[in-house]
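Please open the structure in your viewer and keep the selection tool at hand. The tour below goes from one selection to the next and says what is found at each stop.

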Amino acid sequence: MKPQRNHGAPLSQLARLRVSSPMVKGGLRTKAAKTRVLGPPHASATLPLLRSPSSPAHVIPELVEAGRTLIKPNGNTADTNTLRDSNHQAHHPLPEPSFLHTLRSGLFSSTTGSDIRKCEASSSPLLYPLFSASSWSAHSGSDPSSHSPSSIGQSSISPTLPSYPVGPRCFLILPRRPSPRRPMAFSTYSTASSDISTPRSISPPSSIISARSSQSSVSSKRLSLSLQRRQSALNPMSSVDISAIEEQMKMASLDGLRGYAQNHYGEVHQYRSTDYVPQSAAGGYQVLREPLWNKGLSFTPEERVSKNLTGLIPHAMESVETQVARCMKVINTRQTNIDKYLYLSSLKATNCDLFFRVLIDNVRELMPLVYTPTIGDVCLQYSTLYTRPEALYISIKQRKSIRTILRNWPYPDPEICVVTDGSRILGLGDLGVNGVGISIGKLALYTGAAGIHPSKTLPIVLDSGTNNETNLKDPLYLGLRARRPSPAVAQEFMDEFMEAAAEVFPNMVVQFEDFETEKAFAYLTRYRNKYKCFNDDIQGTGAVVLAGYIGAVNLSGVPLEEQRLVFMGAGSAGVGVAKQMVEYYTRRGLSEQAAREKFWLVDTKGLVTLDRGDKLAEHKKYFARADNNGHQFRTLEEVIEYVRPSALVGLTATFGVFTESVVRALKASVDAGGAGRRPILFPLSNPLTKAECTFEQAVQWTDGTVIFASGSPFAPFAVKAGDHAVTYWPNQGNNVYVFPGLGLGAILAKVSKITDEMVYISAASLSESLNAEEIHKGLIYPNIDRVRDASVVVAREVMKAARREGVSTLPEEQWVEWEEWGDVALTKYIKEKVYDPLK
């Protein structure tokens, strides 16, 4: 068997050397005088680490005691003729003087088996004392400078070698070359060929091996730690935060605007207009590469000939149902929602008619992919996923060219636009230009849910920078790599956009989307009476929640006068919803003050009160309580115990904030009012990862009595009851039930502005659009499959409200006809105007 070398033994034997005492050889005490290590020049006054090619040497700091330093090669077959210091400079030790030869012989020569095991046969290093020049001469009879450092045995004279100061005593530890005639100690050998047992063939007891291995392990760990400390002490950069410097350099390389003035803006001058081929004149690939003209395999034989499409598409005609089935099969093979979204986006970019047919026919499955919750993930990754433009990107750096940018949109006379600055996307915060995904997704629902033609929709993002550190550090980020400007500058930018949009597209309705709270309220107040605009986060969310609340009140068993509502979340959406509900109560005879007192708003600091001690945002003051008698309620549980509400609404964008104790406390407060009462629970935050609780939790924590509505979709939940199961149906209080119909009604009525009456009517009409089956299931919203039917109802009632408010600019004779024939005539008019592709 091949000898197995024990690499742990040298340290354990070395540890047993009495290095603290002077070296003795034959009774002669040898003292080292002021010692220097001979070697090549070195800038540092510290001892270099000598290394050989095959056995790097190093200083053992643990053994630096009383000025003694050990230098040891840690291999077993080191070539000691060449050493390298810590700067990787090679040099050779001096020839071994006869004194050291005698010393080595005295220390390690032995002919007994035990001595062989201890010394010669082991891998223990050889111990050499390092002397000063005078001590060397005394023991060797020669001056060290007389020996050449080039190789051992050469005697040519060389200049005096520089030296390194070390302690008063220093030992050089060199490896002992193992004898080729004998195997290493502590190895097991086969005795099958010989009955003669020698001390070398006998393994020591296992306890000795274990003890020695333990000592070796401890010594190795100490050695490693000591080396780290030694290397840190020798490295001047060890205390420098390299990663922080690299991060600063990366940020500096990404900041292309550093050092430039940020308040000077140029104007883009385009010298020619874009000439587009009209659809009637287009042929061949001009047709196939325009998504609004391409009908794929639905082209008739006559169209294929007249538009020069022969051979450019497969020689097959398919029904719409077959094409839709193919698309759904592809979608179902995709593994993630992002992959499914990307396929749908690609389909929309090639065949718009087929995309919307697939969406309309499969709205339950696909709406979560086109909008929430998938659109939130898309926005987070928009700069990474980007492949082609789908919107108008208006940078604050080009604020003087907004009209030029708007005119570059290829489809004339858009009727509805969704504009965002990306400052508060869903519950995800400031996403900057990545927030454009929300505008794209929203307009897909305007078409899919209300039938507004896709050529009449315009997604826009206003890029004024971002305060999102992740985006600023992302080298792939597509937006302006700068922090957001002051509110005053942002207001000026918005003023310029609204003025330019009204001038270039005078018939276009503007929907504000996902602006941060303060700007959302400020912009709505500033523009609502001057332009055709509304804010979906404030007004649309308020309307859809109000519609659900109207239905929930009818199912709850709690009288209207006993209704009390707690809102967890006091941002733009929370306050907007609460204000819509105030109008609901005032329309039922309550004064505005009495209606307002039915609402308790809670934010991150607790119940919103006038005497809470902090500076309240302007939009919160309307609902700030003054009847708390100086008491402050810091947690939601405390507020529920104090208020005893009948309804709890969540708009916090914080997952799990409706805990079991919170929901059970809500149920207890409702049950205390009498039998047959049901709690109302609306966790409305989007996407699903931000929902305040799940539908399953709500059902379990209320014993199935909850009236539930969420912002994102949840699946039905079945509970076994004996031999049968009871299925509970969730409601999705998604804005898609309101904003498409509201926008469609405003467009068809040609309104000059959108009034509060129109928004309120959109909610009231939605609550009345349920059919008998939906009412029987206990739903408070229509099935999502019927969203287009609901949008027609909402649009019709919005148009009638615009007529009553005097903001419709339709010809008078048109209204006279509808007023004569009623809803049948108006509904027929709306259905004729909606986009229903491939039908």
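Select Phe-567 and Phe-599 to begin: both of these residues are buried, a word used here for a relative accessible area under 20%, with exposed meaning over 50% and partly exposed what lies in between, for a 1.4 Å probe and protein chains only. The model is a predicted one, in which local features need pLDDT of at least 70 and side-chain atom pairs count only at pLDDT 80 or more, while totals for chains, interfaces and linings use all residues. Residues are numbered from 1 along each chain as its sequence is written, and side-chain values use heavy atoms, with hydrogens and water left out.

Keep both rings in view, since Phe-567 and Phe-599 form a tilted aromatic pair, with 5.9 Å from centre to centre and 50 degrees between the planes. Rings of Phe, Tyr and Trp (for Trp the six-membered ring) pair if their centres lie within 6.5 Å, and they count as stacked when the planes are under 30 degrees apart, as edge-to-face when over 60, and as tilted for the rest. Because Phe-567 belongs to strand 16 (residues 565-568) and Phe-599 to strand 17 (residues 599-603), the pair ties together parts that are 32 residues apart in sequence; helices (H or I, at least four residues) and strands (E, at least two) are DSSP runs, numbered from the N terminus.

Now widen the selection to Tyr-549, Tyr-584, Tyr-585, Tyr-622 and Phe-623, which form one aromatic cluster together with Phe-567 and Phe-599.

Next, move to helix 30 (residues 812-821), where Trp-815 and Trp-818 are three residues apart and therefore separated by about one helical turn. Trp-815 is buried, with a relative accessible area of 3%, and Trp-818 is buried as well, at 5%.

For the following stop, show Arg-587 and Tyr-760: the charged end of Arg-587 sits over the ring of Tyr-760, 3.9 Å from its centre, where such a placement asks that NZ of Lys or CZ of Arg be within 6 Å of the ring centre and within 35 degrees of the ring normal. A second place to look is Arg-289, which lies over the face of Tyr-285 at 4.4 Å from the ring centre.

Finally, select strand 22 (residues 717-721) and strand 23 (residues 724-728), which run antiparallel and are joined by five bridges; two strands pair if DSSP finds at least two bridges between them. Ala-718 stands opposite Thr-727 of strand 23, and in the turn of this hairpin, which has two residues between its strands, Gly-722 has a positive phi of about 75 degrees.
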